[in-house]
Amino acid sequence: MQNKNLKWQQTDIDAGGSKAVSFDWRDYTFEGQGSCTFSDGGVYTGTIKDNLFQGAGTYCWADATKYEGGWNSNLPEGKGKLTLPDGTSYEGEWKEGTPH
């Protein structure tokens, strides 16, 4: 019998080269606070619920673009700040991944 509620604290790399560290495994999905590093060099640190970026978190792209703020279903949502590599930034409201 498999345990569907575990604390996953190791680093695993999937076939796509992504890795995740320290999330809870609940009902066969990742949940909790932690960090994911993706094969394209992007890094997400924050809350994951049902395998999605959900709640507060930060995503840093490989080119140094960074978004800090709210997330809903893997998209920026609510208050957040996007900073581009040249230092230009937008801080304000986001809806479904789009600044408003």
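**Hairpins and core around strand β9**

In this predicted model, strands β8 (residues 66-72) and β9 (residues 75-83) pair in the antiparallel sense over six bridges; strands are DSSP runs of E with at least two residues, numbered from the N terminus, and two of them pair if DSSP finds at least two bridges between them. Within this pairing, E68 has K81 of β9 as its bridge partner. The two strands form a hairpin with two residues between them, and S73 in the turn has a positive phi of about 50°. N74, also found in the loop between β8 and β9, has a positive phi near 75° without being a glycine.

On to the next hairpin: β9 is joined by six bridges to the antiparallel strand β10 (residues 89-95), where S89 is the bridge partner of T83. Five residues lie between β9 and β10, and G87 in the turn has a positive phi of about 95°.

The largest nonpolar core (buried Ala, Val, Leu, Ile, Met, Phe, Trp, Tyr and Cys residues joined through side-chain atoms within 4.5 Å; buried means under 20% relative accessible area, with a 1.4 Å probe and protein chains only) has eight residues: C36, Y44, I48, F53, Y59, Y67, W71 and W94. Strands β6 (43-49), β7 (52-60) and β8 each supply at least two of them. Beyond its neighbours within four places in sequence, W94 is in contact (heavy atoms within 4.5 Å) with residues including Y67, P76 and K81.

Residues are numbered from 1 along each chain as its sequence is written. Local features need pLDDT of at least 70, side-chain atom pairs count only at pLDDT 80 or more, totals for chains, interfaces and linings use all residues, and side-chain values use heavy atoms, leaving out hydrogens and water.

Technical notes:
Helix = DSSP H or I, 4+ residues; strand = E, 2+ residues; numbered from the N terminus. Buried < 20%, exposed > 50% of the residue type's maximum accessible area, 1.4 Å probe, protein only.
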